[in-house]
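Dear colleague,

Please find below the structure we discussed, together with its sequence. My notes on it follow.

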Amino acid sequence: MQLAGHLFAAVWVAGLFSFSLCQDDCKRLDGKPGKPGNPGRDGSPGEKGEKGDPAPQVHLSEEEMVALKGEQGEQGHRGQMGLQGFEGLLGPEGPAGPAGPDGVTAANSGDVNSGASKVAFSVVRTDKQITTYNTPVIFDKAITNEHNDFHTNSGRFTCSVAGVYYFVFHFVSEVNLCLKLKTDTNPVVDLTFCDFNLQRRSQVLSGGAVLKLAKGNRVWIERVNPHNMPLKGFERITMKSEMSLVFSGFLIFSTD
């Protein structure tokens, strides 16, 4: 047992001695190259350099510029039509055109420019109540009464120039209202116009017609109760202004 311990000590001492001798004289083998490292960061910007020399100035004459210009190329393809532009400013007024030919002379006194054919009226009712039925409505104020064919005392228009006329009326009321445009022609004209005012608000009843009249024919307006309906809802008309009842008419052309 003691002999084995002495042998181990001797071997250990010999190993240490050999290692110490090899540290200076023994050469080691080179290792394998390592992997490339990551790229380093950008360096700081350098200082600003000095200003360079100015470029030489070249002055070319017009002939030299033309000489340097290249030849004209071929014409390109026609492009698509563009969008419509804005409307331009109004141009100056042009010269007056030549005078037109004279018009045709009227064949008879039926010309609307003749004094005998100027027939027109527009009348209103100033009385703000109408209580009667089936009688002419009286219009006591004339706004226009050319030829004096409308008679304010009777409420009738009496034709003095035979021809074709236009008549129209406008009534404003707050009750149910029916009116007739009547004539004593042959045959008679009897046109009824109604407005049923359920909400009792101001409403306009209008009516009109084109009529052919002979001399002496009369035209007027009547208030009527259609089909003899109960008078409730057909009370007297009360207007807020004299312009609430208007009756008008005029000659379109004469037939004399």
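**Strand pairing and the nonpolar core**

Phe 169 stands opposite Phe 247 in S12. The model is a predicted one, and the remarks below should be read accordingly.

The pairing of S6 with S12 is antiparallel and extends over 9 bridges. S6, which spans residues 163–173, is also joined to strand S9 (residues 203–213) by 11 bridges, again with the two strands running antiparallel. Within that second pairing, Tyr 166 has Val 210 of S9 as its bridge partner. Of the 11 residues of S6, 8 are buried, so the strand is largely enclosed by the rest of the structure.

Phe 247 is also among the residues with the most contacts inside the largest nonpolar core, a set of 25 residues; the others so ranked are Phe 139, Phe 157, Tyr 165 and Phe 167. At least two residues of this core come from each of strands S1 (120–124), S6, S7 (177–183), S9, S10 (218–223) and S12. In soluble globular proteins, nonpolar side chains tend to be buried together. The contacts of Phe 157 beyond its sequence neighbours within four places include Tyr 165, Phe 167, Phe 121, Leu 213 and Val 219.

A polar residue in S12 also deserves mention: Ser 248 lies in this strand, which covers residues 245–254. Ser 248 counts as buried because its relative accessibility is 18%, under the 20% cut-off. The side chain of Ser 248 makes a polar contact of 2.9 Å with that of Ser 122. Setting aside neighbours within four places in sequence, Ser 248 is in contact with Phe 121, Ser 122, Tyr 166, Phe 167 and Val 168.

Yours sincerely

How values were computed: Residues are numbered from 1 along each chain as its sequence is written. This is a predicted model: local features need pLDDT of at least 70, side-chain atom pairs count only at pLDDT 80 or more; totals for chains, interfaces and linings use all residues. Side-chain values use heavy atoms; hydrogens and water are left out. Helices (H or I, at least four residues) and strands (E, at least two) are DSSP runs, numbered from the N terminus. Buried means under 20% relative accessible area, exposed over 50%, partly exposed in between (1.4 Å probe, protein chains only). A polar contact is a pair of N or O atoms within 3.5 Å; within protein, one must be able to donate a hydrogen and the other to accept it, and residues adjacent in sequence count only if both atoms are side-chain atoms. Contact means heavy atoms within 4.5 Å. Two strands pair if DSSP finds at least two bridges between them. A nonpolar core is a set of buried Ala, Val, Leu, Ile, Met, Phe, Trp, Tyr and Cys residues joined through side-chain atoms within 4.5 Å.
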